[in-house]
Amino acid sequence: NAPLLTIASGEKAKNLQSATSLIDDLSKMGCDRDTLLIALGGGVTTDLVGFVASIYMRGIPLILIPTSLLAIVDAAIGGKTGIDTPYGKNLIGTIYPPKAIFADLDLLQTLPEKERLNGLAEILKMGLIYDAAIWEMAQKEDRNPNLILKAIKGKIAIVKQDLKEHGMRRILNFGHTIGHALETVSHYEMSHGEAVAIGSLIEAHLSMHLGYLSKADFEQIQTRYSNWPLALPKHYTQDPLLQAMLHDKKKAANEIRFVLIDKIGHALPFDGAYCRAVTQSELQTTLDWMDHWNSHR
């Protein structure tokens, strides 16, 4: 029988201390380069265990068995691993594709509704940046297994073109510049899916404000999220959010860069960078709109 190691649940467990503890456990058991590590769990588990597999003895075999919708459509796909620091989410990590991924949709039958919405946030993001058909299908039947398959295939297609995130893969970060910052300032009390849903809405507003996205498309996006139980973190203020965004991995020359869309289903290429720098004055109108939106929830 294979030994079973457990980790604490929740984003707060995705840190260096947890990674070190797992590495110590592997060392005590005498694990070597031929040891197969199997990560069974949600996105926190696949990110953390994937990271440990990538650095233990400079890399040991890894298999992922994602058990949440978010992990099945996003976290387990694409080879990214990561752990958080006090400064931001996934600031330490590697690109380390697993040997195999096994996703059993039957595991989702017992998933709480909040966790289903967490995964749906990433599916809707795929519809906004890459495939309008995903967005349209999600409006009509957001529990359809074919919707999950479409989202997975879309992410795989993007990752195949840009494994190391030098260009097109950056579009997968739509909604995440704001979203990751919200998670950070909430001290991870906010779920990833909730943060990405808010981030997608706010970054769609920014796309409209900068003149790329039509008002009609933005209003359709806003309507889609209007029935979700979304709210900014308690005691939220703009300054800590801006500081958290300055640790975003897309930033360059100390400028915050955003993935932006010009219609539902298409992210702007910006000469192959797939994101553009946004000044604080350009961002301010959208941040003020976000405050207004939150006060009327």
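Helices in this description are DSSP runs of H or I with at least four residues, numbered from the N terminus. The model examined here is a predicted one, and a good place to begin is helix α6, where Gln-161 is found. Is Gln-161 buried or exposed? Exposed means over 50% relative accessible area, and Gln-161 counts as exposed because its relative accessibility is 55%. The side chain of Gln-161 also has a polar partner, the backbone oxygen of Ala-157, which it reaches at 3.4 Å.

Helix α6, residues 145-161, also takes part in the packing around helix α5. Helix α5 spans residues 132-140, and its buried residues are Ile-134, Trp-135, Met-137 and Ala-138. These residues lie on the same side of α5, because they cover an arc of only 165 degrees around the axis. A general feature of helices helps in picturing this: an α-helix has 3.6 residues a turn, so residues three or four places apart point the same way. What do the buried residues of α5 pack against? Their partners are α4 (113-129), α6 and α9 (215-225). At the start of α5, a side-chain oxygen of Asp-131 comes to within 2.9 Å of the backbone nitrogen of Ala-133.

Turning to the strands, β1, β2 and β5 form an open sheet, in the order β1-β2-β5, with parallel pairing. β1 (37-41) and β5 (100-101) stand at the edges with a single partner strand each, so one side of each has no neighbour in the sheet. Strand β2, residues 62-66, pairs with β5 over two bridges, and Leu-64 has Ile-101 in β5 as its bridge partner.

An antiparallel pair is found elsewhere in the chain numbering: strand β3 (residues 83-85) is joined by two bridges to strand β4 (residues 88-92). The hairpin between β3 and β4 passes through two residues, and Ile-83 stands opposite Ile-92 in β4.

Strand β4 leads on to the cavities, since it is among the elements that each supply at least two residues of the lining of the largest cavity. The count comes to three cavities of 30 Å³ or more, and the largest has a volume of about 80 Å³. Its lining is made up of 13 residues, and those nearest the centre are Lys-89, His-180, Ala-244, His-247 and Asp-248. Which helix gives the largest share of this lining? That helix is α7, with four residues. Helices α7 (176-185) and α10 (238-245), like β4, each supply at least two lining residues.

Notes. Residues are numbered from 1 along each chain as its sequence is written. This is a predicted model: local features need pLDDT of at least 70, side-chain atom pairs count only at pLDDT 80 or more; totals for chains, interfaces and linings use all residues. Side-chain values use heavy atoms; hydrogens and water are left out. Two strands pair if DSSP finds at least two bridges between them. Buried means under 20% relative accessible area, exposed over 50%, partly exposed in between (1.4 Å probe, protein chains only). The arc is that of the directions from the helix axis to the C-beta atoms. Contact means heavy atoms within 4.5 Å. A polar contact is a pair of N or O atoms within 3.5 Å; within protein, one must be able to donate a hydrogen and the other to accept it, and residues adjacent in sequence count only if both atoms are side-chain atoms. On a 1 Å grid over the protein atoms alone, a cavity is a set of points where a 1.4 Å probe fits but cannot get out, and a pocket is an open set with protein on both sides within 12 Å along at least five of seven lines; lining residues have an atom within 4 Å of a point. Grid points are joined across faces, edges and corners, and a volume is the space filled by probe spheres set on the points.
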